[in-house]
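Biologist: Hello! Could you walk me through a few of the words people use for a structure like this one?

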Amino acid sequence: MTFTEKKADMLMSHPKETAKSLNQTKSRSSIREMFDEVAPTYDFLNHLLSLGIDNYWRAAATGRAKKLLKNVPQPRILDVATGTGDLAASIAKLPGAKVTGLDLSPEMLELARKKYPAITFLEGYAEKLPFDTASFDAVSAGFGVRNFENLQQGMSEFHRVLKPGGYTFIIEPMIPRNPLMKKLYLIYFKKVLPKIAALFSKSTFAYDYLPHSVEQFPQAEAFSEILKKAGFRAVSYFPMTFETSILYVAGK
Ligand SMILES: C[S@@+](CC[C@H](N)C(=O)[O-])C[C@H]1O[C@@H](n2cnc3c(N)ncnc32)[C@H](O)[C@@H]1O
């Protein structure tokens, strides 16, 4: 039985078990199962549903990293929630960079290893990173942190494994603040996107979960506060593409 079928089955006996409630609990095993199921069509749907702009967002994070790490000769970089490895591969373009990707989904990691054999990919959990304190010059995460079971703990781990003077680069989807854009975006996100996704992926549950997870995730100032509470200083954020995506940059 697939994860989506299991959830449909559960709905019959536990009517309260929905994509919305998974967003509230973010149980590690459910998140892993969901991404394992999504893996085969993840890249294709990501590029289709974002009209190919997702690569531009990753390149924007890499551009900022290049500027801020220009004096670090061989930066060690950790890409958390690496999925199929696209942000890890983008940030690996920094001169001399040694990048490690980490994710909790074995199926996503298998694809990442096939796509980018030169990068090291490890299975692990963001809230308990298997690395020494102060071991990386940068920690990145693309479209991943809103799935963390314990966001504050995850951000504290990002801070812990960074060297003093290091930076974190986090990309997340954003709900536009302009009322008209917000309305259009939510129609696309809640009504159109799940229907397109259902044509190509058997994981309809994941694309029902997606808008809930984005809508309820703290954004801009609210997420900056979480980064500050984790110990980061000089937190800034850069909304991109009519505020449909946002890049956070914070230093240790
Ligand atoms: C939407 S995908 C993003 C993948 C990739 N970073 C990208 O830019 O396309 C989110 C990934 O976060 C991973 N993930 C979610 N929670 C995690 C956690 N607590 N620890 C490690 N990985 C996690 C999932 O397994 C999934 O592969």
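Biologist: Why are α8 and α9 called roughly antiparallel to each other?

Modeller: In this predicted model, the two helices pack at an angle of about 155 degrees, with their axes 9 Å apart. Angles run from 0 to 180 degrees between N-to-C directions, and those over 145 count as roughly antiparallel; therefore α8 and α9 earn that name. Residues of α8 making the contact include Phe189 and Pro194, while those of α9 include Tyr207 and Pro211; contact means C-beta atoms, placed from the backbone, within 7 Å.

Biologist: What makes Gln74 exposed or buried?

Modeller: Gln74 has 10 other C-beta atoms within 10 Å. Buried takes 20 or more within that distance, exposed 12 or fewer, and partly exposed is in between, so Gln74 is exposed. In α8, by contrast, Tyr185, Phe189, Pro194 and Ala197 are buried.

Biologist: How do you know that the span of helix α8 agrees with its number of residues?

Modeller: The expected span is 1.5 Å times one less than the number of residues. For the 22 residues of α8 this gives 32 Å, and the end C-alpha atoms are 31 Å apart, so the two agree.

Biologist: Where in α8 is there a kink?

Modeller: At Val192, shortly before the proline Pro194, there is a kink of about 40 degrees. The bend is the angle between axes fitted to the seven residues ending there and the seven starting there.

Biologist: And what should I remember about the numbering and the model?

Modeller: Residues are numbered from 1 along each chain as its sequence is written. Because the model is predicted, local features need pLDDT of at least 70, and side-chain atom pairs count only at pLDDT 80 or more, whereas totals for chains, interfaces and linings use all residues.

Methods
Helices (H or I, at least four residues) and strands (E, at least two) are DSSP runs, numbered from the N terminus. Angles under 35 degrees count as roughly parallel, over 145 as roughly antiparallel, 65 to 115 as roughly perpendicular and the rest as oblique. Two residues are in contact if their C-beta atoms, placed from the backbone, lie within 7 Å.
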